Amino acid sequence: MKAQNEKVNKLHVKTGDTVKIIAGNDRGKTGRIVSVKKDVNKVVVEGLNLVTKHNKPSAKNPQGGISKQEAPIHASNVQLVDAAGAVTRTGKKADDNGKLQRYSKKTGNLI
């Protein structure tokens with residue numbers, strides 16, 4: 001069980017964002033974030049960072065076999081891609097209602 005005073009990590013990306021991988025074997029490839037694991041600062045990108053998994057035979061899969069699945073990648077190794085298709089850093093600023101929203105530091109547009 002987590003301690004009550006444990007800090008929750010905040011990431012610069014969230015589920016559904018389009019990101020570009022900037023380090024590792026899949027460097028330069030772009031994909032959509034499927035899930036975010038805040039406790040370990042990792043994200044799972046759709047179709048990228050694939051690893052081989054060996055499956056034992058079971059009732060569902062009597063043959064067993066080898067399959068590929070997406071593995072988490074550290075959040076520092078991905079960079080957000082904005083609507084224009086350029087990679088950008090993000091910032092937060094308040095909108096007219098006072099709610100914080102993310103914006104592109106490169107273009108200044110809301111994300």
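1. A residue is called exposed when its relative accessible area is over 50%, buried when that area is under 20%, and partly exposed in between. These cut-offs are used throughout this note on a predicted model, beginning with Lys68. The relative accessible area of Lys68 is 58%, so Lys68 is exposed.

2. Where does Lys68 sit? Lys68 belongs to strand β5, which covers residues 65–70. Leaving out residues up to four places away in sequence, Lys68 touches Leu50, Val51 and Thr52. For Leu50, the C-alpha to C-alpha distance to Lys68 is 6.0 Å, although 18 residues separate the two in sequence. An exposed residue can thus be listed with contacts as well, and in Lys68 these go to Leu50, Val51 and Thr52.

3. The chain as a whole has 10 strands and zero helices. Read from the N terminus, the order of elements is β-β-β-β-β-β-β-β-β-β. A student who looks for a helix in the picture will find zero of them.

4. How does the radius of gyration of the chain stand against that of a compact globule of 111 residues? The chain has 18 Å, whereas such a globule would have a value near 13 Å. The spans of the C-alpha trace along its principal axes are about 60 × 40 × 25 Å.

5. Burial and surface can be read next. Of the 111 residues in the chain, 21% are buried. The accessible surface amounts to about 8200 Å², and carbon and sulfur atoms account for 48% of that surface. Among contacts with a separation of 6 or more, 36% join residues 24 or more positions apart.

6. Asn55 is part of strand β4, residues 50–55. Is Asn55 buried, partly exposed or exposed? Its relative accessibility is 28%, which lies between the two cut-offs, so Asn55 counts as partly exposed. Setting aside residues up to four places away in sequence, Asn55 touches Gly64, Gly65 and Ser67. Thr15 is 40 residues from Asn55 along the chain, and their C-alpha atoms are separated by 28 Å.

7. Lys42 lies in strand β3, which spans residues 42–45. With a relative accessible area of 31%, Lys42 is partly exposed. Which residues does Lys42 touch, not counting those up to four places away in sequence? They are Val36, Lys37, Pro72, Ile73, His74 and Ala75. The C-alpha atoms of Lys42 and Ala75 are 5.0 Å apart, with these positions 33 residues apart along the chain.

8. Ala23 is not in a strand but in the loop between β1 (18–21) and β2 (30–37). Its relative accessibility of 24% makes Ala23 partly exposed. Beyond its neighbours within four places in sequence, Ala23 is in contact with Ile73 and Asn77. Ile73 is also among the residues that Lys42 touches. The C-alpha atoms of Ala23 and Gly85 are separated by 19 Å, and these residues are 62 apart along the chain.

9. Two asparagines deserve a look for their backbone angles. Most residues other than glycine have a negative phi. Asn41 has a positive phi of about 60°, and phi of Asn49 is also positive, near 55°. Neither residue is in a strand: Asn41 is in the loop between β2 and β3, and Asn49 is in the loop between β3 and β4. What is the relative accessibility of Asn41? The value is 22%, so Asn41 counts as partly exposed. Asn49, with a relative accessible area of 23%, is partly exposed too.

10. The last point is the largest pocket, whose volume is about 290 Å³. Of the 13 residues that line this pocket, Leu11, His12, Lys14, Lys92 and Arg102 are the closest to its centre. Which strands each supply at least two residues of the lining? They are β9 (90–94) and β10 (100–104). By type, the lining has four nonpolar, four polar and five charged residues.

Definitions and conventions:
Residues numbered from 1 in each chain as written. Predicted model: local features only at pLDDT ≥ 70, side-chain atom pairs only at ≥ 80, totals over all residues. Heavy atoms only, no water. 1 Å grid on protein atoms, 1.4 Å probe; cavity = no way out; pocket = protein on both sides within 12 Å on 5 of 7 lines; lining within 4 Å. Points joined across faces, edges and corners; volume = space filled by probe spheres on them. Helix = DSSP H or I, 4+ residues; strand = E, 2+ residues; numbered from the N terminus. Nonpolar A, V, L, I, M, F, W, Y, C, P; charged D, E, K, R; others polar. Rg over C-alpha atoms; globule rule 2.2 N^0.38 Å. Buried < 20%, exposed > 50% of the residue type's maximum accessible area, 1.4 Å probe, protein only. Contact = heavy atoms within 4.5 Å. Areas by Shrake-Rupley, 256 points an atom, 1.4 Å probe, with all protein chains shown as cover.
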